[in-house]
Amino acid sequence: MKDKKTSNDQKELVTPKVFSQSEIKQLRESLSGNLYLPGDDKYEDAKKTWALYIENKPSVIIEINDTTDVTTAINFAKKHQLFIAVQSTGHGASHPCDGHMLIKTNLMHHFSIDVESQTLTTEAGATWEEITAESQKSGLVPLTGFAANVGVTGYVIGGGFGWLVRKYGLAVDHLLSFNMVSLEGELKTVSATENEDLFWGICGGGNFGIITSLTMKLFPLKSVLASQFYYPGSQAKQVLELYRSIVENFPEELTSAVSVMHLPPNPALPEAIRKKFVVSVKAIYQGDEDKGKELLAPFKNLQRIYEQQETLPYEKASKISGDPQAPQKVYGHVEILNKLTQDLTDILSNLAVGNVSVKPVIEIIHISGAMAKVPVGKNAFGHRNAKFILHVEVPLAADNTQAAAADYIHSLSEAVRPYSTGGTYLNFIGNVDTDEELVKSAFNEDDYTKLRLLKFRYDPGNILRFNFNIPPAKVYQIL
Ligand SMILES: Cc1cc2nc3c(=O)[nH]c(=O)nc-3n(C[C@H](O)[C@H](O)[C@H](O)COP(=O)(O)OP(=O)(O)OC[C@H]3O[C@@H](n4cnc5c(N)ncnc54)[C@H](O)[C@@H]3O)c2cc1C
């Protein structure tokens with residue numbers, strides 16, 4: 001294994017900071033949200049993340065209820081030299097904030113839908129599930145991810161894509177404006193015409209302030225054709241090769257993914273695939289049902305163990321993703337691919353079939369389409385010309401240690417390196433080993449330099465550091 005600077009190296013203060021009773025009383029009285037300290041009844045629950053590989057032990061947790069709470073929290077953190085982690089659901093937690101401050105946005109989850117302008121305005125702590133259920137009633141949908149329960153803010157600022165990516169692109173490209181509190185405690189409206197530098201950087205880079213609300217575009221869509229085909233895992237090579245041979249001809253109305261995985265004994269799964277080692281092809285098609293079925297017909301040429309094809313409201317159809325609802329402990333990895341070759345799909349099927357001990361999930365997602373039509377550099381999101389995302393996860397369950405998972409991922413990344421761009425997609429990373437080089441690889445080189453300069457301007461002390469961190473530029477880089 002190559003030496004990595006892991007999040008454990010980033011722990012700079014592990015003993016909880018102790019505050020005087022009068023300071024805590026004053027803080028509590030100035031908040032309309034909640035305050036939790038180690039030892040409080042609700043502290044243990046409040047510090048949890050969805051991504052269980054991160055275990056936080058903050059010195060103070062503030063559940064914000066309005067923008068004034070954010071300013072109050074920032075001032076308290078600065079006075080006590082605390083760094084700040086921001087969390088909505090904790091799906092994208094990347095570094096433990098031990099000894100410091102955790103700001104939680106979950107109380108701020110109100111949203112409104114403007115049917116006429118086809119826009120959504122939401123507070124920062126909302127999740128897609130609640131929004132999509134409501135917007136679908138007006139025949140409008142947001143650009144949600146494959147999983148419905150992730151938080152809006154982390155998802156969007158990281159790029160954000162799901163079953164509509166090829167038709168409409170990345171969620172971040174349809175973000176119209178947002179409100180944030182800067183680390184100076186100032187409320188700012190940020191858009192393409194106001195605080196443009198922050199709009200450019202936060203869209204794709206995050207890192208520069210605490211977002212309190214966002215406004216973004218919705219899309220008219222009533223229903224889609226949702227398809228899923230399952231095959232025995234032993235047929236991975238044939239299915240991956242079939243997928244590779246036809247996927248690049250799919251129109252933008254069709255977004256698809258192929259995965260090799262060990263399914264859990266989940267009673268909600270059809271019996272034919274429950275607890276089985278399978279390979280699946282899943283797709284969402286917008287358009288005429290017969291045309292969609294025709295495009296996907298080749299997947300019926302191989303012997304399936306289960307299949308389902310039906311036209312459903314988008315909100316229901318996207319449930320084919322099958323992403324876990326309950327918090328998970330996994331070790332994830334991402335590669336960005338510009339091409340799928342048979343060599344590569346053969347390597348991946350061998351790595352999937354031959355490694356039953358770590359039970360990896362190996363998934364290839366077809367992206368490109370609309371996301372590549374937005375000019376490079378419009379915002380900080382990198383690699384918008386990527387064609388495929390390779391997303392691998394090893395569950396850290398009973399018999400999978402983190403070391404075994406890291407070894408497996410390391411071998412896999414060595415094997416696929418000749419076929420990958422070397423870039424990454426941070427939203428999908430999902431593990432504790434995120435170092436500076438990995439974060440850097442998510443961006444185009446010039447953009448990364450620009451992001452570091454922005455960080456120097458808006459957060460020179462790197463107060464917001466428990467994230468996919470962009471370190472502030474050194475002063476000599478600016479002069
Ligand atoms: C099961 C699962 C399925 C997923 N599916 C998809 C998918 O289909 N497509 C996709 O693109 N991604 C997907 N993701 C990744 C997901 O988009 C990221 O994990 C994202 O960060 C989640 O956002 P969150 O706000 O819920 O997470 P959180 O962990 O709460 O936040 C993640 C990060 O965002 C930043 N952040 C959050 N809120 C704020 C705020 N108010 N102000 C400033 N910074 C903030 C912080 O840096 C924080 O560390 C998935 C993740 C999981 C675990």
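I take two strands as paired if DSSP finds at least two bridges between them. The model I consulted is a predicted one.

**Entry 1, the sheet.** I looked up the strand order and found an open sheet of five strands, arranged β5-β6-β10-β8-β9, with antiparallel pairing. I then asked which strands stand at the edges. They are β5 (111–114) and β9 (187–191); each has a single partner strand, so one side of each is left without a neighbour in the sheet. For the twist I noted an average of 15° from one strand to the next.

**Entry 2, β8 and β9.** I next examined how β8, residues 175–181, is joined to β9: the two run antiparallel and share five bridges. Within this pair I looked up Phe178, whose bridge partner in β9 is Val190. I also recorded that helix α7, residues 196–205, packs on the sheet and touches both β8 and β9. The direction of α7 makes about 80° with that of β9.

**Entry 3, the ligand.** I turned to the ligand and listed 32 residues around it. Which of them come nearest? I noted Gly92, Gly145, Gly151, Gly154 and Asn467. I then checked which elements give two or more residues to this shell, and found β3 (84–87), α5 (152–157) and β10 (210–217). Of these, β10 also has a place in the five-stranded sheet, between β6 and β8 in the order. The most is given by α5, with three residues. Finally, I sorted the shell by residue class: 12 residues are nonpolar, 19 are polar and one is charged.

How values were computed
Residues are numbered from 1 along each chain as its sequence is written. This is a predicted model: local features need pLDDT of at least 70, side-chain atom pairs count only at pLDDT 80 or more; totals for chains, interfaces and linings use all residues. Helices (H or I, at least four residues) and strands (E, at least two) are DSSP runs, numbered from the N terminus. Axes are lines fitted to C-alpha atoms, for helices over the stretch in contact, and angles run from 0 to 180 degrees between N-to-C directions. Two residues are in contact if their C-beta atoms, placed from the backbone, lie within 7 Å. A residue is near a molecule or strand if its C-beta atom, placed from the backbone, lies within 6 Å of it. Ala, Val, Leu, Ile, Met, Phe, Trp, Tyr, Cys and Pro count as nonpolar, Asp, Glu, Lys and Arg as charged, and the others, Gly among them, as polar.
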